[in-house]
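Reader: I would like to understand how the words used for a protein structure follow from numbers. Could you take me through this one, term by term?

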Amino acid sequence: MGMQLSQEAVQKANEEYQVMLQSKEQSMLVDSIVTPFFLGMKNEGFSLVMSQSDCMILRPCPTCRGSYSGKYERDSQTYWGCPHCNEIVDD
Ligand SMILES: [Zn+2]
């Protein structure tokens, strides 16, 4: 069962991304596609699952074949979120 970030969530995340770009507070992967999606996910309560070496866990998206489908967690359930399709699926 897939979900998607709402238009409002995407819009808000893009605004936060613009602010972040100007603040130079860039402790994470900054990418015009990945970062706004990540911020939107965070606003919806998803947090990134990090690998042992403290990196984002990524995989190619099975839907669009794009890179950077990232692993997220919410309420002890893991999900994959693709910034290209804007799609969130159960792990
Ligand atoms: Zn995708």
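Reader: What phi does G45 take, and where is G45 placed?

Author: G45 comes just after α2 and takes a positive phi of about 95°. The name α2 rests on a numbering from the N terminus, in which helices are DSSP runs of H or I with at least four residues and strands are runs of E with at least two. The model is a predicted one, in which local features need pLDDT of at least 70 and side-chain atom pairs count only at pLDDT 80 or more, while totals for chains, interfaces and linings use all residues. Residues are numbered from 1 along each chain as its sequence is written.

Reader: What makes α2 a largely enclosed helix?

Author: A residue is called buried if 20 or more other C-beta atoms lie within 10 Å of its own, exposed if 12 or fewer do, and partly exposed in between, with C-beta atoms placed from the backbone. Eight of the 10 residues of α2 are buried, so the helix is largely enclosed by the rest of the structure. The buried ones are V34, T35, P36, F37, F38, L39, G40 and M41, and they pack against α1, β4 (69-74) and β5 (77-82).

Reader: How do you know that L39 touches A13?

Author: Two residues are in contact if their C-beta atoms, placed from the backbone, lie within 7 Å. Leaving aside residues up to four places away in sequence, L39 touches A13, E16 and Y17.

Reader: Why is a group of residues called a nonpolar core?

Author: The term is used for a set of buried Ala, Val, Leu, Ile, Met, Phe, Trp, Tyr and Cys residues that are joined through C-beta atoms within 7 Å. The largest such core here has nine residues, namely A13, Y17, V34, F37, F38, L39, M41, F46 and Y72. The elements that give two or more residues to this core are α1 (7-23) and α2 (34-43), and α2 gives the most, with five. In soluble globular proteins, nonpolar side chains tend to be buried together.

Reader: How do you know that β4 and β5 pair?

Author: Two strands pair if DSSP finds at least two bridges between them. Between β4 and β5 there are five bridges, in the antiparallel sense, and Y72 stands opposite Y79 in β5. These two strands form a hairpin with two residues between them. β5 also pairs with β6 (residues 87-90) in the antiparallel sense, over four bridges, and here C82 stands opposite E87. The hairpin of β5 and β6 has four residues between its strands, and N86 in the turn has a positive phi of about 60°.

Reader: Why is D75 called exposed and Y68 partly exposed?

Author: D75 has 6 C-beta neighbours inside 10 Å and therefore counts as exposed, whereas Y68, with 19 such neighbours, counts as partly exposed. D75 lies in the loop between β4 and β5, and Y68 in the loop between β3 (58-59) and β4. Most residues other than glycine have a negative phi. For D75, however, phi is near 50°, and for Y68 it is near 75°.

Reader: What makes the protein as compact as a globular protein of its length?

Author: The protein has two helices and six strands. Its radius of gyration, taken over C-alpha atoms, is compared with the globule rule, which is 2.2 Å times the number of residues to the power 0.38. The radius is 12 Å, close to the 12 Å that the rule gives for 91 residues, so the protein is as compact as a globular protein of that length.
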